[in-house]
Amino acid sequence: MSDAAGVPVKLEGRAALASAALAAVATARREVMLLSFDFDRALYGAEAFVDAIKALGLSSERARIRVLINQPRAAMKGAHRFVELGRRMPSRIEFRELNEERQISHRADWLIVDERHLIERGSPDALIARQQLDAPLAARAKAKAFMELWEESPGCTEFRVLGL
């Protein structure tokens, strides 16, 4: 971690990425945007992470959690608590599938919290990520790109079907 706000910090290894993602989501007050290649269960399905998402969802009627999945079929093989929570809180948590035309070009994972905090990983198999805390310019730019993808992406039917 770094003391300087907005300075990119390199995260190495799955444990560091999971810890940083949990810490960022635990600070959320309004919104979490997550773009994920395969919705990695180890990162986004951990009990503490899902509890933080649930706390945000219950904190306010305006709280929103948007999850954009590149490969929902692959993600369903590792379906986890987050998906179940989304089924119980559909007014707060929404899943969409990345538009088919964009699936090839977008392999990155982005976690954007309140348009202030940003964690990004270049590909689903990368063990190195970059985190920027209290970096509204970087986070807002990524949030804008996320919302462009979001608007052109259909709902993720795989995640709405019961009976995992």
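Which residues does H117 touch, not counting residues up to four places away in sequence? In this predicted model, local features need pLDDT of at least 70 and side-chain atom pairs count only at pLDDT 80 or more, whereas totals for chains, interfaces and linings use all residues. Residues are numbered from 1 along each chain as its sequence is written, and side-chain values use heavy atoms, with hydrogens and water left out.

H117 touches T27, L111, I112, Q132, L133, D134 and A139, contact meaning heavy atoms within 4.5 Å. H117 belongs to strand β6, residues 117-121; strands (E, at least two residues) and helices (H or I, at least four) are DSSP runs numbered from the N terminus. Because its relative accessibility is 17%, H117 counts as buried, the cut-off being under 20% relative accessible area with a 1.4 Å probe and protein chains only.

The largest nonpolar core (buried Ala, Val, Leu, Ile, Met, Phe, Trp, Tyr and Cys residues joined through side-chain atoms within 4.5 Å) holds 34 residues, of which V32, F39, I53 and F82 touch the most other members. Elements that each supply at least two residues of this core include α1 (14-26), α3 (47-59) and β2 (31-36). Apart from this core lies another, of 13 residues, among them M33, A108, A143 and W150.

Helices α1 and α3 also pack against each other, at an angle of about 20° and with axes 9 Å apart. They are therefore roughly parallel, a term for angles under 35 degrees. In this packing, A21, L22, V25 and A26 of α1 meet A48, F49, A52 and I53 of α3.

Conventions:
Buried < 20%, exposed > 50% of the residue type's maximum accessible area, 1.4 Å probe, protein only. Axes fitted to C-alpha atoms, helices over the stretch in contact; angles between N-to-C directions. Parallel < 35°, antiparallel > 145°, perpendicular 65-115°, else oblique.
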